[in-house]
Amino acid sequence: MTDKSVDVVVVGAGFSGLYQLYRLREMGLTTRVFEAGSGVGGTWYWNRYPGARCDVESLNYSFSFSPELEQEWTWSEKYSPQPEILGYAEHVAERFDLKKDITFDTRVESAVYDGDTHTWTVTTDGGEVVSTRFFVMATGCLSVSKAPEIPGAETFPGPIYHTGHWPHEGVDFTGKRIAVIGTGSSGIQSIPIMAAQAAEATIFQRTPNFSMPAGNRPLTEEEVRTRKENYREYREAAKWSGFGVPVPAPTRSALEVPEEERNQAYQAGWDQGNLVAILTSYVDTLAVKEANDTAAEFVRAKIRDVVKDPELAEALSPRSFPFGTKRPCLDTGYYETFNDDHVHLVDIRKTPLVEITTKGVRTSEQEYEVDAIVFATGFDAMTGALTRVDIRGRNGVSLREKWGEGPRSYLGLTVAGFPNMFTITGPSSPSVLTNMMVAIEQHVDWVADCIGWLRDNDVAELEATDRAEDEWVRHVEEVGNTTLYPTADSWYMGSNVPGKPRVFMAYIGGMGAYREKCDEIAAKGYAGFALTPEPESVPA
Ligand code: NAP
């Protein structure tokens, strides 16, 4: 028995959910959005840790669908801070009057497909039951946080925080002894700020990461004006670029260039504080180990320049994976922080974490007494938010079971056996390897256009065929295998979550090429999908 019936249910009111709602409403479709948080913004709602910023420049990290929105919103910094990005999400929600269709503080618990009526039945934790023709998971790639797999957290009397769901009122560590576990993007952004406040900061590092200075600064009026004048041209270039950020395509191998010239190229990217510029300096940076080594060594030399103690510099230097195959970071004073006497690095590969105790953190070697603990230990990425909901497709098959050995999808947008369901920036799409705003807009537009086409053509049900899905999965794997990404133990590979299948979960074929493929499939009347007509449109 359902409470209500709508055309589309969207899960999540981050940037994906907001834009999906906007598009569907423009098309005259009734849409309900369910959001677990009390406000919009998704990742920017939850990740309020000190120093949180986006690693894509603010002028690139915004919606392109509304020229008016582009002109009226002004970013303040090169890499604007989390409160400003969240403010932008709120502005979008207000400006387009989106909140009236969003139900906050509500988690979708299950979604069950009925093949006879071509509808999904969606149930929330508040007990609401909604029936819908289309079901869109806009739940984000990095939204289910994970704690370190060690016992004892409940015995620690002080506060324990996770960067992925930080208290809204903020935290002041002044005078406190703190432990931080994890040195990915969230740790690297927050450690300098937390350590500057703390009396003693002990950083527990499992794997050192590559990081470069963000070079953050206020934007000049001139920069903002120029971008506002050229948004159309800029957006078009971003849409067809590899990473969703227009940069000149490389033409040469790192190995055919003299060392001095190569280092000048890396230095130029370094000075811009632009990750993509370094990653795309040469055609083979992400594909050939020897080429990659040149970039990796460039960064390690920078770490040695900054960190005064050579042993500490070496401990902070990544050597176990190629540069770029785990998400590289942008920081503000990260390596410098370790020159302070009250900041300590514990290499937990050498002395593993054993437990959280009543006093602090214990490794195989010693107990570290602290007043507060921060987990910067990341997320069950890409699939976590999708499998957390009990999604059952045709004949009751569960998504969790189907993805037991790794995610399988057609285009990262749809899943065979799960008709009329779409995943925004789902696994096997470019998503996290690109500027997420560009990836989100492309997916949302494709889904909205698809739903519109189905309506116009009296199609009740669209379902990826097994064959199309198999071919896409194979293609994603093949393209991934031409790169160094699968060689790293990264969250892209699921390696950060014990027991998770080892699969490269993103598509590295490039945003532009992927867009072309999706457009082509749509233009062919949704090639690779089985289409079932509306019963009343079938001639008797
Ligand atoms: P992350 O990159 O997965 O880093 C988690 C850190 O915790 C890693 O150092 C990891 O070590 C460590 N860790 C995990 N489990 C552990 C355990 N059981 N014991 C000890 N250490 C453990 O997570 P994140 O820093 O939150 O970032 C996730 C992603 O979110 C980023 O890669 C990025 O895509 C996005 N993000 C972006 C920004 C930005 O744009 N500025 C900021 C934050 C996050 P291992 O490396 O050994 O697994």
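1. Two domains make up the division of this chain: domain 1 (3-144 + 381-527) and domain 2 (153-220 + 246-375). The model is predicted. Each domain is listed as two segments, so read the bounds with that in mind when browsing the structure.2. The domain centres, taken over C-alpha atoms, are 29 Å apart. Contact between the two involves 28 residues of domain 1 and 37 residues of domain 2. Together the domains bury about 2700 Å² between them. Carbon and sulfur atoms account for 54% of that area.

3. On the domain 1 side, the residues that lose the most area to domain 2 are Asp55, Lys78 and Leu484. These three together make up 26% of what domain 1 buries.

4. Now the ligand. Both domain 1 and domain 2 give residues to the shell around the ligand, so the ligand lies between them. The surrounding residues number 27. Arg53, Glu149, Ser186, Thr207 and Lys326 are the closest.

5. What is the make-up of the shell by class? Nonpolar residues number 10, polar residues nine and charged residues eight. Among secondary-structure elements, helix 5 (residues 185-197) gives the most to the shell, with three residues.

6. Three polar pairs deserve a look. Asp55 places a polar side-chain atom 2.7 Å from a nitrogen atom of the ligand. Glu149 does likewise at 2.6 Å, also to a ligand nitrogen atom. For Lys326, an N or O atom of the side chain is 2.7 Å from an oxygen atom of the ligand. On its own the ligand has 900 Å² of accessible area, and the protein covers 90% of it.

7. Asp55 appears twice in this note. Asp55 is one of the domain 1 residues that lose the most area to domain 2, and its side chain has a polar atom 2.7 Å from a ligand nitrogen atom. Glu149 and Lys326 also recur: both are listed with the closest residues to the ligand.

Notes. Residues are numbered from 1 along each chain as its sequence is written. This is a predicted model: local features need pLDDT of at least 70, side-chain atom pairs count only at pLDDT 80 or more; totals for chains, interfaces and linings use all residues. Side-chain values use heavy atoms; hydrogens and water are left out. A residue is near a molecule or strand if one of its heavy atoms lies within 4 Å of it. A polar contact is a pair of N or O atoms within 3.5 Å; within protein, one must be able to donate a hydrogen and the other to accept it, and residues adjacent in sequence count only if both atoms are side-chain atoms. Accessible areas come from the Shrake-Rupley method with a 1.4 Å probe; for residues, only the protein chains shown count as cover. Helices (H or I, at least four residues) and strands (E, at least two) are DSSP runs, numbered from the N terminus. Ala, Val, Leu, Ile, Met, Phe, Trp, Tyr, Cys and Pro count as nonpolar, Asp, Glu, Lys and Arg as charged, and the others, Gly among them, as polar. Contact means heavy atoms within 4.5 Å. Buried area is the accessible area (1.4 Å probe) that two parts lose on being put together, summed over both.
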